[in-house]
Amino acid sequence: MTVQELDLMDARAFADGIPYDYFARLRQEPGLPKATDGEGYEFWYLVRHAEVALAAKDNDTFRSGPSTMTSVRQSSTGLPLITFLDGPEHARLRKLVSKGFTPARLAKLERPVGRIVDRIVGEVTAKAEFDLAEEIALQLPLEVLAELIGVQEADRPEIIEWTRHTMNVGDPGYHHSTPEKARGAFQKLMEYFQELAARRAERPEDDLFSVLLETRLDGGEQMSRDEVALFGTTLVGASETTYCSVSGGVLALLRNPDQLALVRDNRALLPLAVEEIIRYVTPATHFARQVAKDTEIAGQPIKAGERVVLWYTSANRDETVFDHPERFDVTRSPNPHVSFGGGGPHVCIGRGLANIELRLFFDAVLDRLSTLELAGEPVRSATNAMNAFRSMPARFR
């Protein structure tokens, strides 16, 4: 079927929020929706949980290269980003970078991340009014990223400012970022990370870049300094996941006071609540895949060379998988959401770090959320790629 009455490739279709009713309608229709965006690109839409999970796990058929982005976010940089690699190249880098995200490494981050959370929350608490999206949701993952990589304290404000320019790209209302600013900031970040990688190669410390530079595979292979620096820029983009989850999660708890009371009174529910926030918000709404060989999904033949879009935001509301998927339920278990990619070789390598950030943040603020109120209407970011708010005025009573 062809569905064009709502162009999901147009950010304006998301101006008032995710069009969940429209996705629900698509899930009920037979076959696969096919759409053409304003630039003439055609896509098959995967909107059901089973279809998204299948495509995510079958990397031989559904390839991430040359880009996982649709034409709305023209993005093929030509750089060997791990996100856009497949096959042996991706497997090699994946094995190497995974050494920086072992449970033991992540456990060592709990204390510094906790300190960052306490300081950020303390700073906004002292204000009469603040922007929760800008001053907490965005600030938190950027500071954690600087801590993880090993950016020295004196350099962190500049690094965080450059990183801020790479967020909400394409949103004309977000004053921090324009496509030109984003390109300039990316270049500055890359140059800084190259210099940092060079220093860590000479004098290792207890940080991610040092771990990555020291890691060897069985055959002696290791990451080059440029590969380490480029992976640092990949983590910058991954910070948007936490950015969206913090603001969207706070909003979900405020709008569902019964669920807030449940998790506040029983902190053992916090891990389940974090998973439910990630499902309910679904930070990245979609990624695209290139079909490498003829295949078939939901009875629809798809030819090699065609493109599919994995709509995570629809799969996470699939009523055949989740009971009352529109309901925010902090006790939901099991919760097989696909927010981190749905499994397979491209599942988000930073998912463990994101969970730590969210768990520590919400643990720190749960007691205060009953006194938090919105001081104005939240403003959505003008994008169809992320479920983001560029502004969320708030205050503590």
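1. The largest nonpolar core of this predicted model holds 89 residues, and F231, F361 and F362 have the most contacts inside it. Helix α10 supplies the largest share of this core, with twelve residues. In soluble globular proteins, nonpolar side chains tend to be buried together.

2. F362 deserves a separate look. Setting aside neighbours within four places in sequence, F362 is in contact with S245, V246, G249, V250 and L253, and also with L270 and I277. By residue range, α10 spans 225-255 and α12 spans 270-281.

3. Another core lies apart from the largest one and has 15 residues. Among its members are L32, V308, Y312 and A315.

4. The second largest pocket contains about 410 Å³ of space. Its lining is made up of 20 residues, and those that lie nearest the centre are L251, R255, Y280, R380 and F389. Two or more lining residues come from each of α10 and α12. Of the elements, α10 gives the most to this lining, namely four residues. Helix α10 thus appears under two headings, with twelve residues in the largest nonpolar core and four in the lining of the second largest pocket.

5. As to the character of that lining, nine of its residues are nonpolar, seven are charged and four are polar. R255 and R380 are among the residues that lie nearest the pocket centre.

6. One open sheet has five strands in the order β1-β2-β8-β5-β3, and its pairing is mixed. The edges are formed by β1 (34-36) and β3 (62-63), each of which pairs on one side only. Three bridges connect β1 with β2 (residues 42-46), and this pair is antiparallel. Within the pair, T36 of the β1 range stands opposite E42 in β2.

7. A further open sheet consists of three strands, ordered β4-β12-β9, with antiparallel pairing. Strands β4 (130-131) and β9 (372-374) are at the edges with a single partner strand each, so one side of each has no neighbour in the sheet. Strand β4 is joined to β12 (residues 393-396) by two bridges, and the two run antiparallel. F130 stands opposite A394 in β12.

8. For anyone checking the model by eye, α10 is a convenient place to begin. Residues S245, V246, G249, V250 and L253 are in contact with F362, while L251 and R255 are among the residues nearest the centre of the second largest pocket.

Key:
Residues are numbered from 1 along each chain as its sequence is written. This is a predicted model: local features need pLDDT of at least 70, side-chain atom pairs count only at pLDDT 80 or more; totals for chains, interfaces and linings use all residues. Side-chain values use heavy atoms; hydrogens and water are left out. On a 1 Å grid over the protein atoms alone, a cavity is a set of points where a 1.4 Å probe fits but cannot get out, and a pocket is an open set with protein on both sides within 12 Å along at least five of seven lines; lining residues have an atom within 4 Å of a point. Grid points are joined across faces, edges and corners, and a volume is the space filled by probe spheres set on the points. Ala, Val, Leu, Ile, Met, Phe, Trp, Tyr, Cys and Pro count as nonpolar, Asp, Glu, Lys and Arg as charged, and the others, Gly among them, as polar. Two strands pair if DSSP finds at least two bridges between them. A nonpolar core is a set of buried Ala, Val, Leu, Ile, Met, Phe, Trp, Tyr and Cys residues joined through side-chain atoms within 4.5 Å. Buried means under 20% relative accessible area, exposed over 50%, partly exposed in between (1.4 Å probe, protein chains only). Contact means heavy atoms within 4.5 Å.
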